[in-house]
Amino acid sequence: MKIIGTGSAHPKCSVTNEMLEKFLETTDEWITERTGIKERLVISSEKLEDMAVIAANKALEDANLTVADIDYIICSNVVNEYVTPALSCIIQGKLGATCPTLDINAACAGFIFALDMADDKLKCKKARNILIVCAEEPSRMVSWQNRSTCVLFGDGVGAAVVTDGDELKAMRLTTSSLTDVLYYQRKLEPTPYIDKEENFEPLVMKGREVFKHAVTNSCRDIRKVLAEANVKAEDVKYFVLHQANKRIIDSIRNFLGVDEERVPHNVERYGNISSAALPALLDELNRGGKLQKGDKLVFSAFGAGFTTGACVIEWAK
Ligand code: ACO
């Protein structure tokens, strides 16, 4: 597998820490110090599927392909306005594609799970060009009265086009069922027969536990994929990490002993945009002219589940 195009799209409404100070018992100083986040872009009038189409078209253009060349679409998403049809079906129609599509939910690690699935499809010759769209609106899962969670998230889309190639050097995925540290339940319709207790509350997160799992698992995953790919940390151009919190990014970087310039970040501008974070950051690097053919990149992400994913990729463009 190789990545041949990237794209991203973000909503227009910027919510700064100062804006949050107006209705939450919080301060810019607290948020900046604990998370590194200065502002987050959240959906106001936009529809997630329209942003997804913008990001997907950018990725197709970057790949020099048209929608007719795509024969599978994988959409990574945690929540959107529709339970059914799948978000990938809605995006397919708006793009004018005719290929099969599938939604996956591996939370914030979704992009790496999607890359793994795409690699399998390419190896089985079941597809030639695959579009991956990570479209997320976590701002709709949190209570905006809860200062512990709502300050962390933003919305956005990251997309990539992948095709046959030899540029995926190592891949590692993990799932460990840890359903109480981070979860969001959906409210279902009542029926005349339901007699169990059902509670609905906005996103629940045990922040410190998530922090610990994120750092420990990401360091372990990164070391394992580097060893599997026979690549030294010093030969990696960029470690493209999930953008949840600058302190998590810095902790992983310190444990791995990697200098700051090789661990790019944009969480300060977007907040945590779930699985869209990694492809959106990759798109920034690609469009900013920061990547050259042959560069070794490490991707690593973690999310609710608990899911983790990491891989080593050689940049192909
Ligand atoms: N402003 C001011 N005070 C706050 C805020 C806020 N926004 N949020 C929490 N506090 C308070 C708490 O109420 C608590 O007060 P108390 O001591 O009086 O009870 C105090 O600050 C300390 O709270 P902690 O939760 O212990 O603070 P911590 O240093 O752990 O930072 C944070 C919290 C930022 C959430 C951190 O734990 C973290 O980043 N965890 C990982 C979160 C994450 O990455 N989530 C997503 C991962 S998966 C995915 O991407 C979906």
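**Questions about the ligand, a pocket and some unusual bonds**

Author: In this predicted model, a polar side-chain atom of Asn 272 lies 2.7 Å from an oxygen atom of the ligand.

Reader: What makes the pair formed by Asn 272 and the ligand a polar contact?

Author: The limit is 3.5 Å between N or O atoms. Asn 272 and the ligand are at 2.7 Å, so the pair counts as a polar contact.

Reader: Which atom of the ligand does the side chain of Thr 26 approach, and at what distance?

Author: A nitrogen atom of the ligand is 2.6 Å from an N or O atom in the Thr 26 side chain. That value is within 3.5 Å, so this is a polar contact as well. For His 242, an N or O atom of the side chain is 2.9 Å from an oxygen atom of the ligand.

Reader: How much of the ligand does the protein bury?

Author: The protein buries 76% of the 1,000 Å² that the ligand exposes when taken alone.

Reader: Which elements give two or more residues to the shell around the ligand?

Author: They are helix 2 (28–35), helix 6 (207–229), helix 7 (246–256) and strand 12 (296–303). Helix 6 gives the most, with 4 residues. In total, 23 residues surround the ligand. Among the closest are Arg 34, Cys 108 and Asn 245.

Reader: What classes of residue make up the shell around the ligand?

Author: The shell has 10 nonpolar, 8 polar and 5 charged residues.

Reader: How do you know that the ligand lies between domain 1 and domain 2?

Author: Look at who gives residues to the shell. Domain 1 (2–166) does, and domain 2 (170–314) does too, so the ligand lies between them.

Reader: What lines the second largest pocket?

Author: Its lining includes Gln 185, Arg 186, Lys 187, Glu 197 and Phe 200. By class, the lining has 4 nonpolar, 2 polar and 6 charged residues. The space in this pocket is about 290 Å³.

Reader: What is the omega of the peptide bond from Thr 84 to Pro 85?

Author: Omega is near 5°, and the bond is cis. Pro 85 sits in the loop between strand 4 (72–76) and helix 4 (87–95).

Reader: Which residues does the cis peptide bond with omega of about 10° join?

Author: That bond joins Gly 305 and Phe 306. Phe 306 is in the loop between strand 12 and strand 13 (307–314).

Reader: What is the phi of Asn 64?

Author: Phi is near 60°, a positive value in a residue other than glycine. Asn 64 lies in the loop between helix 3 (48–62) and strand 4.

Conventions
Residues numbered from 1 in each chain as written. Predicted model: local features only at pLDDT ≥ 70, side-chain atom pairs only at ≥ 80, totals over all residues. Heavy atoms only, no water. Near = heavy atom within 4 Å. Polar contact = N/O pair within 3.5 Å; in protein donor to acceptor, adjacent residues only side chain to side chain. Areas by Shrake-Rupley, 256 points an atom, 1.4 Å probe, with all protein chains shown as cover. Nonpolar A, V, L, I, M, F, W, Y, C, P; charged D, E, K, R; others polar. Domains from an automatic or database assignment. 1 Å grid on protein atoms, 1.4 Å probe; cavity = no way out; pocket = protein on both sides within 12 Å on 5 of 7 lines; lining within 4 Å. Points joined across faces, edges and corners; volume = space filled by probe spheres on them.
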